[in-house]
Structure formats: structure tokens, C-alpha cells
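This report describes selected features of one protein structure. Please examine the sequence and the model displayed below before reading on.

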Amino acid sequence: MREHAGQLDQLGIGVYAVTFESQSRVQDHQSEDDLPFPLLRDPGRKAYQRFGLGRQPATTIWGPTTLLYYARQLLRGQLPNRAEGADQYQLGGDVLLNPDGNGGTIYRSANPADRPSVESILRQIRKF
């Protein structure tokens with residue numbers, strides 16, 4: 001999303017990242033990664049629950065797709081971040097809300113490496 005922040009801004013799209021991690025980890029992440037959008041905390045995971053983003057068993061989290069993803073990241077010299085107290089079984093997703101707040105779409109990740117492409121997100125946005 002970072003690479004497309006300018007394009008999303010031109011379309012009038014607000015992007016927010018949501019995490020359940022500690023305030024200190026959020027501050028570290030914002031300063032280390034220079035995020036172009038706000039990172040919001042949801043320590044009680046109310047938003048995760050509201051949008052059906054649940055915890056998954058180890059077999060879902062550590063399947064072949066996830067292991068291949070991390071192997072590719074390591075080959076690129078990118079070490080995975082392991083935050084203190086992180087819940088490795090909590091899956092995320094991408095939620096798009098209509099400007100009027102009524103409706104939208106939810107992409108629920110099937111595993112930690114499963115993310116929609118920015119192009120597919122932009123296609124969905126253009127439908128609004």
C-alpha cells in the first residue's frame with residue numbers, strides 16, 4: 001500500500017492500518033517503517049471481531065504457503081518482524097468501506113502471506 005499512497009490519496013481514499021499490538025510496538029513500527037498512513041490500535045480486537053477476522057489453528061498459519069512466503073522474504077534479505085506479545089494465530093484482512101459508511105467489501109486473509117493485490121483493491125474502490 002505504501003508504494004501506492006500517492007495514487008490512493010489522489011482518489012481521496014483514506015488508508016488506516018489496525019493492529020492489536022502494544023503502544024510501544026506501534027510507535028516503533030511507525031518510526032522504523034515511515035508509514036504514510038495512520039496505524040491504529042485495537043487491543044481488544046473489536047474491529048477484528050466485527051469484520052470476521054479470527055484466530056486460526058497452527059496448521060493454517062504454518063502451512064506451505066506461509067513457509068514459502070517467509071523463505072522468499074529471507075532470500076531477499078528481509079527478516080520477519082516478531083513483535084513482543086504478538087499473536088501469530090490472528091489473521092488479518094483488508095476492509096473497504098463505502099464513503100457513506102454503508103457497505104463495502106472484506107478480504108479475509110487465509111494465511112499470513114495471503115493479501116489481495118493493490119490492483120484488486122483499486123478495482124473494488126472504483127466500483128464505489
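## Asp94 and its surroundings

In this predicted model, Asp94 has a relative accessible area of 17%. Because this value is under the 20% limit, Asp94 counts as buried. The residue belongs to strand 3, which covers residues 93-97. Setting aside residues up to four places away in sequence, Asp94 touches Thr105, Ile106, Tyr107, Arg115, Pro116 and Ile121.

One of these residues, Arg115, is also a charged partner: Asp94 and Arg115 form a salt bridge, and their closest N and O atoms are 3.0 Å apart. Asp94 lies in strand 3, whereas Arg115 lies in the loop between strand 4 (104-108) and helix 6 (118-127), so this pair ties together parts that are 21 residues apart in sequence. The side chains of Asp94 and Arg115 are likewise joined by a polar contact of 3.0 Å. While Asp94 is buried, Arg115 is partly exposed, with a relative accessibility of 43%.

## Salt bridges elsewhere in the structure

Side chains of opposite charge can pair when their charged atoms come close. How many salt bridges does the structure hold? The number is four, and the bridge between Asp94 and Arg115 is one of them.

Another salt bridge joins the side chains of Arg55 and Asp87, with an N to O distance of 2.6 Å. Arg55 is placed in the loop between helix 3 (46-50) and helix 4 (58-61), and Asp87 in the loop between helix 5 (64-75) and strand 3, so the pair ties together parts that are 32 residues apart in sequence. Asp87 is buried, and its relative accessible area is 14%.

A further salt bridge links Arg25 with Glu21, where the closest N and O atoms are 3.7 Å apart. Is each partner buried or partly exposed? Arg25 is buried, with a relative accessible area of 14%. Glu21, at 21%, is partly exposed, because a residue must fall under 20% to count as buried.

## A network that includes Arg45

Arg45, Arg55 and Asp87 are joined into one network by salt bridges that share partners. Within this network, Arg45 is located in the loop between strand 2 and helix 3. The backbone of Arg45 deserves a separate remark: its phi is positive, at about 55°, although Arg45 is not a glycine.

## The two sides of helix 6

Which residues of helix 6 are buried? They are Val118, Ile121, Leu122 and Ile125. When helix 6 is seen down its axis, these buried residues fall within an arc of 100°, so they line one face of the helix. The buried residues of helix 6 pack against helix 1 (5-10) and strand 3.

On the other side of helix 6, Arg123 and Lys127 are exposed. Ile121 also connects this description with the opening section, since Ile121 is among the residues that Asp94 touches.

## Strands 1 and 2

Thr19 is part of strand 1, which comprises residues 17-19. Its relative accessible area of 10% means that Thr19 is buried. Leaving aside neighbours within four places in sequence, Thr19 is in contact with Val26, Leu39, Leu40, Arg41, Asp42, Pro43 and Tyr48.

Leu40, one of these contacts of Thr19, lies in strand 2 (residues 39-41). In contrast to the buried Thr19, Leu40 is partly exposed, at 39% relative accessibility. Together with Tyr16 and Val18, Leu40 makes a nonpolar surface patch of about 290 Å². Leu40 can belong to such a patch because its accessibility of 39% is over the required 30%.

## Gln73 in helix 5

Gln73 is found in helix 5. At a relative accessibility of 14%, Gln73 counts as buried. Its side chain and that of Arg76 are joined by a polar contact of 2.9 Å.

How far apart are the C-alpha atoms of Gln73 and Asn98? They are separated by 34 Å, and the two residues are 25 places apart along the chain.

Methods:
Residues are numbered from 1 along each chain as its sequence is written. This is a predicted model: local features need pLDDT of at least 70, side-chain atom pairs count only at pLDDT 80 or more; totals for chains, interfaces and linings use all residues. Side-chain values use heavy atoms; hydrogens and water are left out. Helices (H or I, at least four residues) and strands (E, at least two) are DSSP runs, numbered from the N terminus. A polar contact is a pair of N or O atoms within 3.5 Å; within protein, one must be able to donate a hydrogen and the other to accept it, and residues adjacent in sequence count only if both atoms are side-chain atoms. Contact means heavy atoms within 4.5 Å. Buried means under 20% relative accessible area, exposed over 50%, partly exposed in between (1.4 Å probe, protein chains only). Patches are made of residues with over 30% relative accessible area and no salt bridge: like charges are joined within 9 Å, nonpolar side chains (Val, Leu, Ile, Met, Phe, Trp, Tyr) within 5 Å. Accessible areas come from the Shrake-Rupley method with a 1.4 Å probe; for residues, only the protein chains shown count as cover. The arc is that of the directions from the helix axis to the C-beta atoms.
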